[in-house]
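User: I'd like to learn how to read a protein fold from its coordinates. Could you walk me through this one, feature by feature?

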Amino acid sequence: MRQTESGRRLFLFAGLAAGGLQFWGLPALAQGGDLNAGGLTFRDFGTADNGSSFSHGQQSVGGGTTGAGRSSSTKLLGVDSNTLSARVQFQSIKVEMTLPMGWQATEDWERGLAYSIDKRYRVVVWRVDFEFEGVKDAEHYAATKAGSIKARRPGVQAQARKLGDGSLLVVYENVPKAAGDSEPRTVFDLVIPSPKNPKAGVLLTLGVPASDATRGLNLLALLKQNMRIDWQFVLSKPQ
């Protein structure tokens with residue numbers, strides 16, 4: 001989704017009017033209520049290039065931009081040729097992730113972006129200040145954002161599930177395609193509250209073609225399992 005749909009300065013009246021979230025059970029949840037990769041690994045999403053693609057970050061992704069010329073390729077920490085994966089650090093938000101080899105990654109002052117070479121799979125990672133967004137906690141944030149999007153795009157359907165570790169998974173279906181897309185999208189939001197501060201968290205968003213929704217959920221599980229967040233870090237806002 002574009003920046004206006006990623007949680008920055010939510011339209012609270014729209015979220016409240018839409019009635020919040022419908023909570024439902026996911027067949028892709030493992031025992032304990034967490035996401036399940038369904039036997040897939042990064043090899044199912046990667047391309048062998050020894051990590052060279054991560055030196056070619058671009059500014060334009062799915063109709064959006066990484067922001068006012070302040071974007072840069074993110075830091076490559078290492079590659080694993082056996083698993084076709086690469087470890088990167090989004091330095092501006094202090095979040096480490098393992099991504100499929102052959103993808104690209106970039107960042108600006110407030111978020112990290114990663115995407116497959118064909119841009120069909122797109123990831124955005126944000127730091128979220130719930131107080132700044134005008135909400136009280138992660139669940140309120142997820143419900144408000146979902147309501148805002150549904151109010152502005154009535155055809156979009158949103159369902160949610162609280163996972164075993166307290167994070168919130170929201171699935172958006174029938175999301176309109178952006179420039180360059182060949183079909184509507186399914187978008188997954190994973191809202192991860194800070195264990196140290198209930199007013200802060202991280203939002204991980206993965207958008208995929210609607211026909212790849214099941215594989216997308218499997219990939220989200222892999223991303224979540226391999227993400228490391230520096231919870232001591234506080235995002236400073238630009239002057």
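Analyst: Let's begin with pairing: two strands count as paired if DSSP finds at least two bridges between them. Strand 7 and strand 15 meet that cut-off, with two bridges and an antiparallel run. Keep in mind throughout that this is a predicted model.

User: Which residue in strand 15 is the bridge partner of E96?

Analyst: R228 is the partner of E96 there. As a general idea, strands of a sheet pair through backbone hydrogen bonds, either parallel or antiparallel. In this case four strands make an open sheet, ordered 5-6-7-15, with antiparallel pairing. Strand 5 (75–80) and strand 15 (228–229) are the edges, each pairing on one side only.

User: Before we go on, how many helices and strands does the protein have?

Analyst: Four helices and 15 strands. Of its 239 residues, 52% count as buried. Among contacts with a separation of 6 or more, 61% are between residues 24 or more positions apart. The surface comes to about 10600 Å² exposed, with carbon and sulfur atoms supplying 50% of it.

User: Is strand 10 mostly covered or mostly open?

Analyst: Mostly covered: seven of the eight residues in strand 10 are buried. Now look at its pairings. Strand 9 and strand 10 are antiparallel over five bridges, and Y115 has R122 in strand 10 as its bridge partner. These two strands form a hairpin with six residues between them. In that turn, K119 has a positive phi of about 65°. Strand 10 is also joined to strand 14 by eight bridges, again antiparallel, and V123 stands opposite L206 in strand 14.

User: Next, the interior. How do I read a nonpolar core, and which residues touch the most other members in the largest one here?

Analyst: The general idea is that in soluble globular proteins, nonpolar side chains tend to be buried together. Here the largest nonpolar core has 39 residues, and M97, V125, L169, L204 and L219 touch the most other members. Several elements supply at least two residues each, including strand 6 (85–90), strand 12 (168–175) and strand 13 (185–193). Helix 4 gives the largest share, six residues.

User: What does V125 contact, leaving aside neighbours within four places in sequence?

Analyst: V125 is in contact with F90, I93, V95, M97, E110, R111, G112, V202, L203 and L204. There's also a second, separate core of 21 residues, which includes W126, V135, V156 and L168.

User: Where does W103 lie, and is it buried or exposed?

Analyst: W103 lies in the loop between strand 7 and strand 8 (104–107). W103 has a relative accessible area of 2%, so it counts as buried. Leaving out residues up to four places away in sequence, W103 touches F45, S53, F54, A114, Y115, S116, I117, Y121, V123 and L219. Take F54 as a worked case: F54 and W103 are 49 residues apart along the chain, yet their C-alpha atoms are separated by 6.6 Å.

User: Now charges. How many salt bridges are there, and why does the one between D34 and K224 tie distant parts together?

Analyst: The count comes to ten. To call one, you need a side-chain nitrogen of Lys or Arg within 4 Å of a carboxyl oxygen of Asp or Glu. For D34 and K224, the closest N and O atoms are 3.1 Å apart. D34 is in the loop between strand 1 (22–23) and strand 2 (60–61) and K224 is in helix 4, so this pair ties together parts 190 residues apart in sequence. D34 is partly exposed at 27% relative accessibility, whereas K224 is buried at 13%.

User: What about R120 and D212?

Analyst: Their side chains meet in a salt bridge at 3.3 Å, N to O. R120 sits in the loop between strand 9 (111–115) and strand 10, and D212 in the loop between strand 14 and helix 4, so parts 92 residues apart in sequence are tied together. R120 is partly exposed at 32%, and D212 is buried at 15%.

User: And which residues do E139 and K162 link?

Analyst: The side chains of E139 and K162 meet each other in a salt bridge at 3.8 Å, N to O. E139 is in helix 3 (residues 138–152) and K162 in strand 11 (residues 157–162), 23 residues apart. Both are partly exposed, E139 at 34% and K162 at 43%. Finally, salt bridges that share partners join D34, D165 and K224 into one network.

Note on methods
Residues are numbered from 1 along each chain as its sequence is written. This is a predicted model: local features need pLDDT of at least 70, side-chain atom pairs count only at pLDDT 80 or more; totals for chains, interfaces and linings use all residues. Side-chain values use heavy atoms; hydrogens and water are left out. A nonpolar core is a set of buried Ala, Val, Leu, Ile, Met, Phe, Trp, Tyr and Cys residues joined through side-chain atoms within 4.5 Å. Buried means under 20% relative accessible area, exposed over 50%, partly exposed in between (1.4 Å probe, protein chains only). Contact means heavy atoms within 4.5 Å. Accessible areas come from the Shrake-Rupley method with a 1.4 Å probe; for residues, only the protein chains shown count as cover.
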